[in-house]
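Student: Please take me through the reasoning behind some of the descriptions used for this structure.

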Amino acid sequence: MNHTYAPLHLTRIATAIQAWQGEIKACDLQLICHKVSSAGGRLVALWARDMRADGFMLHVLLCDERGLLCLNLPLSDNEASFPDISRIFPAACRMQRAVYDLTGIRAHKAQDQRKWLRHAAWPQGSFPLRKDFVSPPPCRGRDRVGVDMGDYPPPDHPHLNLPPYEGEEANDRSRTESGTQPQDDYPFVRVEGQGVHEIPVGPVHAGIIEPGHFRFSVVGEKVLRLEERLGYTHKGIEKRFESMSLQQGAKLAGRVSGDSTVAYAWAYAMAIESIAHLTPPDMALWLRGLFLERERIANHLGDLGYLGNDVAFSFGFAQFWILKEQVLRNNARLFGHRYLMDVIIPGGVTAGIDEAGKKILLAECELLEREVRLLQRLYENHAGVQDRFSGTGCVAPKLAAQLGLCGMAGRASGQAWDSRVQFPCAPYDKLDVQMATHSNGDVASRVMVRFDELFESVRLQRDILMNLIGGDDLAYPLEQLSANGLGIGMVEGWRGEVMVAIHTDDAGRLDRVHPHDPSWQNWPVLEHAIMGNIVPDFPLINKSFNLSYSGHDL
Amino acid sequence: MRNPDQILAIVFQLTQLLLVVLAAPMLTGWVNLCQAWLQNRTGAGVMQPYRALNKLFHKDAVIADNASWLFRITPYIVFGCMWLAAAIIPIIAVDLPFSRAADVIALVGVFALARMFIALAAMDIGTSFGSMGARREMLVSFLAEPALLMVLFTASLISQSTQLTHIVETFAHHEFVLYPSLAFASVAFVMVLLAENARIPVDNPSTHLELTMIHEAMILEYSARHLALIEWAASLKLFAYISIGIALFLPHGIVGVGNWSGLPLAVGLLLAKMMLAGAGLAVLEAMMAKMRIFRAPEFLGTAFLLAVLGLLIHFLLGA
């Protein structure tokens, strides 16, 4: 144990990466967070758990260069609030608001107490992740799109008579009690001044993309402020996990955010395996690395194409997407699924590779290296494209560090964090991954980091294919987990670190599963990246981050 | 109207009107097809715009509750303006009855009328995108219009007339002369054509990103037949602009009214020129990325400068 954050007694979590946990008291939370923050550490995730006989438990997952640190803060049922840490870690703000919306425990004296994930799907004062939560009433009578819902839910439904939390607007309650769907009157921050006006964008967009609302305060074309409103794709994934078996859970984890299915499935499997004290076969670990790098390759190819498309350079778009399609088809042909869903399961993997498959992938490596090299030169020498990319959507390294920007976007702003490099689990411990970083923090930097990582992933894929030796075993059987366990899995997905935390109950069943997407950290930074830029550059800046809605909204 | 010459002129006028309105979507389809080829894609074929129009005409229109009559009539006015413009320009024949109705300055006015209505309609429904698009459209067009006028003046000075018919007759039916002033004007004209038809690098006709749109942002609220008319009008506008370009810079082959024997050649040459221009447009667009919106003034300023240079060269060299 080499963590020295007194007053903390830590125990090692038996997972593939370095992780410790320790129980703390409420009064120590801010102190420890402060120490971690000033030592260069950052916040990874924050979630709460209903253990009602013993109250609630708040979990704060921090990270420094030595590994992960999970702080467990028990909260008694009747106080149900915890010290606000959003002043130390700004990224905690939305996580704290989500914790309140889902479990009803509030960050004490936090500046922003607005709802975050709750729209109108469940009423004020009921909390889905509490164990006594009854299936939610979607709406009553005629809903807003004009579908007649009849008498559902019945007037005596328990959620319709819950008292509101103090400080919430009273009219929210009165609408709920009168039986109609509460309006989603979310108080946006207003910018005052001569010539300032608002542009509301979304949640329904002109193109086919995920829903999110963006409120721009602009003067002419210049953006003074952007405020995001997310949560439109809240599907109740965390609640759904509670009733699932291990295998069903693996399937659901792979669907938290479709573009990161490998990362989520691996993080889930890693967490399960850490509770079961099981190490998968060598072959499976190598293959997991292969799948993850292929996911990174496919997504970076797609994004590079989209970035070309966003500046109306459709030649680049078409070429990158031809390459991406090639990768996806090889996935389907060799592993049975274009996006590699369900190839990683707790205990191992479901798809192997033979000599013919290796040949196909090695040929693909060559094709990618050749073609992407050409396309990179094309992007870099195209005056029009470079004019749009350079200096657009700048996040300076200092701001990035302050806000906790992570993952690929973080590395483009000088935040040298890559869990494949810092906390290498098998097979990365044998691969010597080179981290790609840039310090300008603009769209051009994020493009360059994508190119660098793409080439590195192709190199890794080749290395893995060369080293791919091991038994024929693809997976070890895994049926039962130990009771009351905590498992943590963290994987460097293409967007950033994907974390899954799993708690088991007395019988070793899934009690609470918390998947965490790096988008939680990066969405708030996007609000800063657009400031001072012009409105038509927003889609480009947004795409250069390409954050997940589904992975964030859960 | 008893005069056989006049009847013949009307027949020619109607032929041109029908030809233009029916062929315009094919030009758009051709440009899209060329673009697809340049991107290693198969493309949807030149008939795709007709299928899209057909689909739109069969849909029910959805209109915002607070839309006024302005919003409803704008598609018809815009379509009418573009069709009228196509009637004025000598596309297959000179000296058509309509061409006497307006000279090049009035033609620019017809385009401006359509633009004014579409911008007003965009603001009429009160969405932020409509106003945003209208405001950007005005920024682009008030810079493009003077440049276009300068181009037209250069040609007018050479032919001593602002009538397109006379301009075409001067260039097409006299001995072949190289006009250095027209070389400058033609570059300026291409730049204006890109800006006025919402093409790359000023706008992107195929974008789905509402925040970057100019023309598309103004028509976001239109659907069904209204949208079909606006899309069709956009095709007509592109066709009309390329026709102006042909009339100014490559008028050879345009016949006089009543010249039946020359008509097949005129139509054939028109087809060839349109295909060439469409392919050229696709190549230009494939090579460029979209500019930041505040580069558009620089771009159009350059167009204006080139057009003025053309004028000056005409005065200096007399050619």
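Tutor: What follows is a set of questions on a predicted model, each settled by setting a value against a cut-off.

Student: Why is α6(A) called roughly antiparallel to α7(A)?

Tutor: Helix α6 (residues 261-276) and helix α7 (residues 282-310) of chain A pack at an angle of about 150°, and their axes are 8 Å apart. Angles over 145 degrees count as roughly antiparallel, so α6(A) is roughly antiparallel to α7(A).

Student: Which residues make the contact of α6(A) with α7(A)?

Tutor: α6(A) brings A:V262, A:A263 and A:W266, while α7(A) brings A:R288, A:F291, A:L292 and A:E295. By class, five residues of this contact are nonpolar, none is polar and two are charged.

Student: How do you know that the radius of gyration of chain B agrees with that of a compact globule?

Tutor: The globule rule is 2.2 Å times the number of residues to the power 0.38. For 319 residues this puts a compact globule near 20 Å; chain B has 19 Å, so the value agrees. Along the principal axes, the C-alpha atoms of chain B fill a box of roughly 55 × 50 × 40 Å.

Student: What makes a residue of chain B count as buried, and what percentage of the 319 residues is buried?

Tutor: A buried residue has 20 or more other C-beta atoms within 10 Å of its own. In chain B, 52% of the 319 residues are buried.

Student: How many residues does each chain give to the contact between chain B and chain A?

Tutor: Chain B gives 24 residues and chain A gives 26. On the chain B side, 13 are nonpolar, seven polar and four charged.

How values were computed. Residues are numbered from 1 along each chain as its sequence is written. Chains are lettered from A and ligands numbered from 1 in the order in which they are written. This is a predicted model: local features need pLDDT of at least 70, side-chain atom pairs count only at pLDDT 80 or more; totals for chains, interfaces and linings use all residues. Axes are lines fitted to C-alpha atoms, for helices over the stretch in contact, and angles run from 0 to 180 degrees between N-to-C directions. Helices (H or I, at least four residues) and strands (E, at least two) are DSSP runs, numbered from the N terminus. Angles under 35 degrees count as roughly parallel, over 145 as roughly antiparallel, 65 to 115 as roughly perpendicular and the rest as oblique. Two residues are in contact if their C-beta atoms, placed from the backbone, lie within 7 Å. Ala, Val, Leu, Ile, Met, Phe, Trp, Tyr, Cys and Pro count as nonpolar, Asp, Glu, Lys and Arg as charged, and the others, Gly among them, as polar. A residue is buried if 20 or more other C-beta atoms lie within 10 Å of its own, exposed if 12 or fewer, and partly exposed in between; C-beta atoms are placed from the backbone.
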